[in-house]
Structure formats: structure tokens, C-alpha cells
Amino acid sequence: MTTTSLDAPAPVRRPSRWRTLGWQLLGLAVLLAVWWLVTDVLRLYPPYVFPSPRAVWTEISYGLWGSGPQDGRLLAGIGNSLRRVLVGYSIAVLLGGVVGLLMGAWRPLRETLGAYLTGVQSVPSIAFVPFAILFFGLNERAVLFVVILEGFIPVALAVSGALMNVPPALRVAGRTLGAGGLALTTGVLLPSAVPSILTGLRTAWSFSWRALVGAELLVSASASLGAQLEIGRNTANIALVIATILTIGVIGGLFDTLLRALETRVRRDYGLEVTQ
């Protein structure tokens with residue numbers, strides 16, 4: 001066996017992008033067909049308990065491009081929710097990156113604050129909403145606090161862990177070339193840890209998005225996806241609830257796909273993943 005065969009990562013066989021998309025569309029068609037069969041053909045449940053796909057699509061169409069006085073709220077909710085999560089996520093990445101760097105560079109901080117953050121991460125985000133309401137009031141700052149908190153912890157732990165997992169040979173090489181302290185961290189360790197950090201950023205996005213919807217359910221009075229869920233619950237409009245849930249899932253999936261594509265691209269550039 002040659003040296004190259006020992007060092008190079010095993011090639012990853014990926015199905016073609018179009019084949020994957022075809023399977024996904026086929027699965028979606030099957031789900032819609034089962035849904036239609038249960039609600040429109042067999043009528044196993046009354047419409048106010050389990051609405052048909054057409055009723056949910058009607059809510060989506062009215063909410064996105066309807067021209068009535070009560071229409072367009074879903075589109076406004078998407079805009080406000082995206083603005084909140086992007087602001088909160090950006091702040092979380094910035095704060096988490098700095099704290100993660102400090103934990104990666106200073107062991108006492110890593111062993112104390114890192115352990116506390118791991119414990120706080122196990123608390124569901126909805127548990128922080130009452131605290132945020134009491135501390136900040138019933139306003140947007142309470143929502144942002146929960147979003148930032150849920151995004152900050154995964155980023156800080158990911159950055160710290162990624163720095164610690166840099167191969168020792170790279171540390172030795174950096175020190176041999178004269179790098180030390182901040183120069184070693186920013187010039188050697190941080191670039192080497194980028195693939196692992198991107199994984200943490202994707203996890204942080206998922207946490208922030210879920211925390212946003214949970215906080216908006218209880219806090220936000222203005223147009224938002226959480227407010228749409230609350231309106232649907234108060235008016236017993238389950239079609240609106242399902243339409244909003246589907247919208248939340250689609251938006252979250254789209255952003256996750258973008259981050260996953262970036263992560264895959266970086267891993268390929270770093271030679272950590274070889275496709276055939």
C-alpha cells in the first residue's frame with residue numbers, strides 16, 4: 001500500500017444532484033397524495049381539524065400575494081422574522097467567535113465558562129422567554145435576546161472545540177516558523193479550524209431559527225411568523241397554522257442548504273472530502 005493511499009481521505013460517492021432532487025420531489029408528491037386522500041377522498045377528519053392541501057395552499061396564497069385588506073400578513077411576517085433572526089444570528093456569531101477564541105486560547109476559561117455554556121445549551125430556548133420578558137419587557141429586544149443566546153453558545157463551543165482539535169503537527173510547525181500567541185491562533189489555528197467552525201455555524205443557525213419562532217409566539221405583537229401561528233390558534237384556523245409551519249420549515253431548510261453547501265465546498269477545498 002502506498003503512502004498516498006494511507007493519507008488521502010476515502011472518496012465519497014454522491015448521487016447526482018438531479019437524481020437527488022428527483023427523489024425529493026417524488027417523496028413530496030407521495031406525501032401530498034396521501035394528504036389529499038385522507039382529507040378530500042376518505043374525509044377521515046373534519047376540515048376544521050385536518051384541512052386539505054387546497055385549504056392550506058389558499059392560506060399561503062392569500063398570505064403571500066393576496067390583495068385583500070387582511071391579506072399579505074404571511075409575507076410581512078416572513079420579512080420581520082428574517083430581519084430579527086439575521087440580526088440576532090450575526091450578533092451571536094460575532095460574540096460567539098470572540099468568546100470561542102478566548103476559550104480556545106486560555107484553558108481556565110475553557111474549563112469554567114465552557115462547562116457552564118454546555119449546561120445552558122441543554123435548557124430549551126422556550127425556557128428563557130419568560131426571563132427575557134421580565135428583563136427586557138414585552139418587546140423585540142426580548143426576542144433578540146433569546147435568538148442571540150441560542151446562537152451564541154453553539155458558535156462559542158464550536159470555535160473553542162475546533163481550535164483544540166487542530167492537529168498538533170500544525171501547532172509545532174507554526175511555532176517552528178516563529179508564530180506564537182495571537183499570531184499562532186489567527187495565522188495557523190483559526191484557518192485550520194474553519195471546516196469545523198462552519199459546522200458549528202450551521203448548528204447555531206438551526207438553534208437561532210427555532211428560538212426565534214418560540215419567542216415570537218409569546219412576545220411579538222407585530223407581524224411575524226410566530227404571530228401568524230398565534231393568530232391561527234386564536235381563530236381556530238388550523239389551515240393558517242399548517243401554512244405557517246410549512247413556511248417556517250421551507251425557510252429554515254433553504255438557509256440550512258446554503259450553509260451546508262458552503263461547508264461542503266470548504267471541506268472539499270481543504271481536502272477533507274473527495275467526491276467521485
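1. Let me start at the far end of the numbering: R265 is exposed, its relative accessible area being 52%. D269 is exposed as well, at 56%. A salt bridge joins R265 to D269, with 3.6 Å between the closest N and O atoms. Both residues belong to helix α12 and sit four residues apart, about one turn of the helix. That spacing fits a simple rule: an α-helix has 3.6 residues a turn, so residues three or four places apart point the same way. Please keep in mind that this is a predicted model.

2. Helix α12 also takes part in a salt bridge between D256 and R202, whose closest N and O atoms are 3.6 Å apart. This pair ties together distant parts of the chain, since D256 is in helix α12 and R202 in helix α10 (residues 194-218), 54 residues apart. R202 has a relative accessible area of 16% and counts as buried, because the cut-off for that class is under 20%.

3. How many salt bridges does a search of the whole structure find? The total is nine. Another of interest joins the side chains of E140 and R83, at 2.8 Å from N to O. Here too distant parts of the chain are linked: E140 lies in helix α7 and R83 in helix α4 (residues 73-105), 57 residues apart. Both residues are partly exposed, E140 at 29% relative accessibility and R83 at 38%. You may want to look at the surroundings as well, as salt bridges with shared partners connect R83, R84, E140 and E216 in one network.

4. Helix α7 covers residues 140-164. From first C-alpha to last, its 25 residues reach 36 Å, close to the 36 Å expected at 1.5 Å a residue. Is α7 enclosed or exposed? It is largely enclosed by the rest of the structure, because 19 of its 25 residues are buried. At the start of α7, a side-chain oxygen of N139 comes to within 3.0 Å of the backbone nitrogen of R141.

5. Helix α2 (17-41) likewise has 25 residues, and it reaches 35 Å between its first and last C-alpha atoms, close to the expected 36 Å. W35, V38 and T39 are buried in α2, and the buried residues of this helix pack against α3 and α12. W35 counts as buried at 15% relative accessibility. Leaving aside residues up to four places away in sequence, W35 touches F50, P51, S52, P53, V56, I242 and L246. For a sense of scale, the C-alpha atoms of W35 and A179 are 61 Å apart, with their positions 144 residues apart along the chain.

6. What follows α2? The next feature is R43, with a positive phi near 50 degrees, although R43 is not a glycine. R43 sits in the loop between α2 and α3 and is exposed, at 60% relative accessible area. A236 also has a positive phi, about 55 degrees, without being a glycine. A236 is in the loop between α11 (225-234) and α12, and it is exposed at 61%.

7. One last surface feature deserves a look. W36, L37, V41, L42, L44, Y45, Y48 and V49 make up a nonpolar surface patch with about 830 Å² of accessible area together. Within this patch, L42 belongs to the loop between α2 and α3 (53-65), and L42 is partly exposed, at 48% relative accessible area.

Note on methods. Residues are numbered from 1 along each chain as its sequence is written. This is a predicted model: local features need pLDDT of at least 70, side-chain atom pairs count only at pLDDT 80 or more; totals for chains, interfaces and linings use all residues. Side-chain values use heavy atoms; hydrogens and water are left out. Patches are made of residues with over 30% relative accessible area and no salt bridge: like charges are joined within 9 Å, nonpolar side chains (Val, Leu, Ile, Met, Phe, Trp, Tyr) within 5 Å. Accessible areas come from the Shrake-Rupley method with a 1.4 Å probe; for residues, only the protein chains shown count as cover. A salt bridge is a side-chain nitrogen of Lys or Arg within 4 Å of a carboxyl oxygen of Asp or Glu. Helices (H or I, at least four residues) and strands (E, at least two) are DSSP runs, numbered from the N terminus. Buried means under 20% relative accessible area, exposed over 50%, partly exposed in between (1.4 Å probe, protein chains only). The expected span of a helix is 1.5 Å times one less than its number of residues. Contact means heavy atoms within 4.5 Å. A polar contact is a pair of N or O atoms within 3.5 Å; within protein, one must be able to donate a hydrogen and the other to accept it, and residues adjacent in sequence count only if both atoms are side-chain atoms.
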